[in-house]
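Trainee: I have a structure here and would like to learn how to read its ligand site, its metal site and its backbone. Could you walk me through them?

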Amino acid sequence: LVWNQLELEHTEQLLVENLKQYLLELRQRHQMIKNLHCRYHKKGSAFSRLAPLKLEIFSHDPYVVIYHDVLYDAEMQGLIDSTRRRMSRSMVQYEIRQIEISEQRTSKEAPFTEKNDPQLLKRIYDRLKDMTGCDMLRSEHLSILLYDQGGHHDPHVDYHDLYWHPQEYEYHPFGDRQASVVFYLNDVEDGGETVFPKLQLVIPPTKGSALMWHNLRPWGEGDPRTQHASCPVLSGYKQVAIQWILQGTRDLVTPKDALSKRLRSLHSHMGHAPQQ
Ligand SMILES: O=C(O)CCC(=O)C(=O)O
Ligand SMILES: [Fe+2]
């Protein structure tokens, strides 16, 4: 009986602890929800002080935000005109060196590079720097995508998860995709929302806005909560410009530095080395 009494007290204590923990989490979550807001983003260049960017925060963790009215009409038209006749079917990468056409991703796309219009590219890169603090010297090229009616991209993540596959740095010398930026270049008649099923977020495409999210956790591991999709275009078409910001961009670390940094943080977080 005495033992049972003790056990009962212990169970009660555990329940109370659990409840306390739950309340703490609720409070933190509530605090998070309260923290969601819109504000002007004035950091960076003279441009962003004169014309502050309008930032709306959807989620702090993972970080998902939208910048409203971030591109001018003429800039968007320039991107569209320059790529109109060069579009080809988008591909999907399942494995290293295995890139193929897939019904999971039915857009067409074309790169927009310095060759196409160096001034326009510089304007867009300057804007991206104002938004993210990163320069794009060591990032992927800007891709212009076109989804026709029915065009979609099934749920996926953008990162390669080099954190768990460091041997693949060989194929991604500037590191993993730490952030994704999707510029919406037109207003879609119906459909074409970008959705994050795990975060319960639905973002309708709005011409001139840029959606940005962080794909990696602070220590470099891919964050599966960033899984997202482009819903089918129901009516009209959808055009976007996509910029993937690689890990090599922020502090221009060399891939080797990045690799050893990842390995070091892996050791300290997990207490063991990754399997080769
Ligand atoms: O078009 C969108 O809304 C998102 C596109 C996307 O996620 C991708 O191409 O990786
Ligand atoms: Fe994506």
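Mentor: Happy to, and keep in mind that this is a predicted model. Let's begin with a polar contact: the side chain of Arg105 has an N or O atom 3.1 Å from an oxygen atom of ligand 1.

Trainee: Which polar side-chain atoms of His156 and Lys238 lie where, relative to an oxygen atom of ligand 1?

Mentor: A polar contact is a pair of N or O atoms within 3.5 Å. For His156, a polar side-chain atom lies 3.1 Å from an oxygen atom of ligand 1, and for Lys238 the distance is 2.7 Å. Ligand 1 has 290 Å² of accessible area on its own, and the protein covers 99% of that.

Trainee: What kind of space does ligand 1 take?

Mentor: The largest cavity. There are 13 residues around ligand 1, and those that come nearest are Tyr147, His156, Thr194, His228 and Lys238.

Trainee: How do the residues of that shell divide by character?

Mentor: Five are nonpolar, five polar and three charged. Then look at which strands they come from. At least two residues each are supplied by β8 (142-147), β9 (153-156), β15 (228-230) and β17 (238-246). The largest share, four residues, is from β17.

Trainee: On to the metal. Which residues coordinate the iron ion (ligand 2)?

Mentor: Donors here are N, O and S atoms within 2.8 Å of the metal, and water is not among the atoms, so a site may look incomplete. In this model the iron ion is coordinated by NE2 of His156, OD of Asp158 and NE2 of His228, at 2.1 to 2.2 Å. Along the chain, the donors follow the spacing H-x1-D-x69-H. Asp158 and His228 link distant parts of the chain: Asp158 is in the loop between β9 and β10 (177-184), His228 is in strand β15, and they are 70 residues apart.

Trainee: And the backbone? What should I look out for there?

Mentor: Most peptide bonds are trans, and most residues other than glycine have a negative phi. Exceptions are what you want to spot. The peptide bond joining Asp61 and Pro62 is cis, with omega about 0°. Pro62 lies in the loop between β2 (53-59) and β3 (64-68).

Trainee: Where is Asp69 found, and what is its phi?

Mentor: Asp69 is in the loop between β3 and α3 (73-83), with a positive phi near 50°. Asp161 is not a glycine either, yet has a positive phi of about 55°. Look for Asp161 in the loop between β9 and β10.

Notes:
Residues are numbered from 1 along each chain as its sequence is written. Chains are lettered from A and ligands numbered from 1 in the order in which they are written. This is a predicted model: local features need pLDDT of at least 70, side-chain atom pairs count only at pLDDT 80 or more; totals for chains, interfaces and linings use all residues. Side-chain values use heavy atoms; hydrogens and water are left out. A residue is near a molecule or strand if one of its heavy atoms lies within 4 Å of it. A polar contact is a pair of N or O atoms within 3.5 Å; within protein, one must be able to donate a hydrogen and the other to accept it, and residues adjacent in sequence count only if both atoms are side-chain atoms. Accessible areas come from the Shrake-Rupley method with a 1.4 Å probe; for residues, only the protein chains shown count as cover. On a 1 Å grid over the protein atoms alone, a cavity is a set of points where a 1.4 Å probe fits but cannot get out, and a pocket is an open set with protein on both sides within 12 Å along at least five of seven lines; lining residues have an atom within 4 Å of a point. A molecule sits in a cavity or pocket if more than half of its atoms lie within 2 Å of its grid points. Ala, Val, Leu, Ile, Met, Phe, Trp, Tyr, Cys and Pro count as nonpolar, Asp, Glu, Lys and Arg as charged, and the others, Gly among them, as polar. Donors are N, O and S atoms within 2.8 Å of the metal (3.2 Å for Na, K and Ca); water is not among the atoms, so sites may look incomplete.
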